[in-house]
Amino acid sequence: MAISTDIFVAPRARLRPETGAKWVRGWLLIIAAMVYAMILVGGATRLTDSGLSITEWRPIAGAMPPLNAADWASEFDKYRQTAEYQLQNKGMSLSEFQFIYWWEWGHRQLGRLVGVVFFIPFVTFWALGWTNPALRRRLWVLFSLGGLQGFIGWWMVSSGIGETTRVDVAPYRLMTHFTLALLIIALCFWNWLSLAETTARGASRSAHRWAWALLGLTSVQMAMGALVAGLDAGRTYTDWPLMGGQAVPDGMWSMSPIIRNVFENVATAQFNHRITAYILLAAGVYAAWRFRNEAQGGFKLFAAILGVQSVLGIVTLVHAAPLTLGLSHQAVGALALLLSVWLVWRTSDQSGASMSDAKST
């Protein structure tokens with residue numbers, strides 16, 4: 001069935017509205033893929049301890065990397081003033097510094113590229129008449145969240161620059177940065193789904209409620225994973241199913257006030273991540289059985305991905321989170337989140353509801 005023309009205002013170009021929809025959907029998919037790449041590059045930046053190698057936030061001028069020996073010497077000198085260098089990397093060579101610098105520069109540069117690839121086509125599609133006010137509002141929200149993400153990124157990095165004892169960024173700021181990236185890719189994906197040519201559905205209300213529950217649990221689990229990464233907790237307790245030989249590790253609530261343990265205690269962060277993983281896996285398997293004939297097998301696929309992610313998480317843990325396994329665990333987790341978004345859309349009574357307000361504009 002062709003996409004409803006009430007999704008778009010009357011085009012001023014010669015192309016049909018259906019053609020415009022295909023272009024907009026393709027562009028949203030590209031943006032989502034670029035954000036996914038940002039998530040992985042960000043993970044690599046974290047796993048290689050590269051995030052504090054650039055000590056200044058220059059959104060425009062920073063797009064130009066060091067071009068000569070004097071520029072490299074200047075950047076290296078700034079890095080030598082950080083606690084990370086003084087306490088962890090003292091004696092690092094210039095070539096070693098360049099390795100971590102390029103990871104962080106590449107992460108920031110990819111963020112700039114996402115902004116350009118978003119804004120220019122957005123304005124173009126608007127000029128061609130391929131968007132309506134409702135869709136434009138959502139796209140402006142996405143663009144604003146992208147700008148906010150750049151600010152949050154620096155807010156995160158700055159937590160490890162001005163300190164005299166901290167050699168990493170604040171874990172709760174890393175969690176904020178990571179969860180905002182997940183929100184952006186989820187909204188991109190949702191808008192892509194909402195512009196689909198079909199709104200085929202047929203799932204029960206119970207299945208829809210479960211889809212939302214799985215999305216919520218997956219989001220919480222991903223946020224907890226960011227805390228584990230920020231605290232290097234995945235390289236601290238590397239036995240399984242116990243933690244340091246105990247079912248419940250010592251010192252889980254040793255910090256004061258007690259809420260600090262959730263965000264700053266290595267034992268608490270990893271324990272919570274493990275327990276939530278068990279709950280999520282059990283919920284996913286139950287939903288796959290209960291709704292085995294609904295949502296085109298989506299619940300079964302979700303449970304299968306959770307199974308893969310669980311095994312991958314254990315393997316990553318017992319090997320102390322090496323780069324390849326750590327990135328793989330993060331990549332599959334992001335896919336699980338997107339599949340849970342699809343389940344919410346697929347089981348909705350109004351799968352195209354996010355575009356339905358266009359009818360009133």
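What follows is a walk through the fold, two helix pairs and a handful of individual residues in a predicted model.

Start with the overall picture. The protein is helical throughout its secondary structure, with 12 helices and 0 strands. Read from one end of the sequence to the other, the pattern is simply α-α-α-α-α-α-α-α-α-α-α-α. The protein has 361 residues, and 47% of them count as buried. As for contacts with a separation of 6 or more, 78% come from residues 24 or more positions apart. The accessible surface adds up to about 17,100 Å², and carbon and sulfur atoms own 66% of that area.

Next, the helix packing. Two packed helices are described by the angle between their axes and the distance between the axes. Helix α11 (residues 323-347) turns up in both of the pairs described here, once with α7 and once with α10.

Take α7 (residues 205-230) and α11 to begin with: their axes come within 8 Å and cross at roughly 155 degrees. Angles over 145 degrees count as roughly antiparallel, so α7 is roughly antiparallel to α11. The crossing itself is left-handed. On the α7 side, the contact is built from Ala207, His208, Ala211, Trp212, Leu214, Leu215, Thr218, Ser219 and Met222. Facing them from α11 are Gln330, Gly333, Ala334, Ala336, Leu337, Ser340, Val341, Leu343, Val344 and Thr347. Sorted by class, this contact has 12 nonpolar residues, 7 polar ones and no charged ones.

The second pair brings in α10 (residues 298-318), whose axis comes within 9 Å of that of α11, with a crossing angle of roughly 160 degrees. That angle makes α10 roughly antiparallel to α11, and here too the crossing is left-handed. Helix α10 contributes Gly298, Phe299, Leu301, Phe302, Ile305, Gln309, Leu312, Gly313, Val315 and Thr316. The α11 residues in this contact are Leu325, Gly326, Ser328, His329, Val332, Gly333, Ala336, Leu339, Ser340, Trp342, Leu343 and Thr347. The class count is 12 nonpolar and 10 polar, again with no charged residues. Some α11 residues do double duty: Gly333, Ala336, Ser340, Leu343 and Thr347 appear in the contact with α7 and also in the contact with α10.

On to single residues, beginning with two buried hydroxyl side chains. Ser50 sits in the loop between α1 (17-47) and α2 (69-80). The relative accessibility of Ser50 is 0%, so this loop residue counts as buried. Setting aside neighbours within four places in sequence, Ser50 is in contact with Thr45, Ile100, Trp103 and Glu104. Of these partners, Trp103 is 53 residues away from Ser50 in sequence, yet the two C-alpha atoms are 6.2 Å apart. Thr268, by contrast, belongs to a helix, α9 (residues 266-290). Thr268 is also buried, with a relative accessible area of 0%. Residues up to four places away in sequence aside, Thr268 touches Met252, Trp253, Asn261 and Val262.

Finally, the backbone has some oddities worth flagging. Most residues other than glycine have a negative phi, and most peptide bonds are trans. Against that background, a cis peptide bond joins Trp240 and Pro241, with omega about 10 degrees. Another cis bond links Ser256 to Pro257, with omega about -5 degrees. Pro241 lies in the loop between α7 and α8 (260-264), and Pro257 is found in that loop as well.

Positive phi values show up at two alanines. For Ala295, phi is near 55 degrees, and the residue is in the loop between α9 and α10. For Ala320, phi is near 60 degrees, and its place is the loop between α10 and α11. How buried or exposed are Ala295 and Ala320? Ala295 has 5% relative accessibility and therefore counts as buried, whereas Ala320 is partly exposed, with a relative accessible area of 31%.

Methods. Residues are numbered from 1 along each chain as its sequence is written. This is a predicted model: local features need pLDDT of at least 70, side-chain atom pairs count only at pLDDT 80 or more; totals for chains, interfaces and linings use all residues. Side-chain values use heavy atoms; hydrogens and water are left out. Helices (H or I, at least four residues) and strands (E, at least two) are DSSP runs, numbered from the N terminus. Buried means under 20% relative accessible area, exposed over 50%, partly exposed in between (1.4 Å probe, protein chains only). Contact means heavy atoms within 4.5 Å. Accessible areas come from the Shrake-Rupley method with a 1.4 Å probe; for residues, only the protein chains shown count as cover. Axes are lines fitted to C-alpha atoms, for helices over the stretch in contact, and angles run from 0 to 180 degrees between N-to-C directions. Angles under 35 degrees count as roughly parallel, over 145 as roughly antiparallel, 65 to 115 as roughly perpendicular and the rest as oblique. A crossing is left-handed if the near helix is turned anticlockwise from the far one by less than a right angle, and right-handed if clockwise. Ala, Val, Leu, Ile, Met, Phe, Trp, Tyr, Cys and Pro count as nonpolar, Asp, Glu, Lys and Arg as charged, and the others, Gly among them, as polar.
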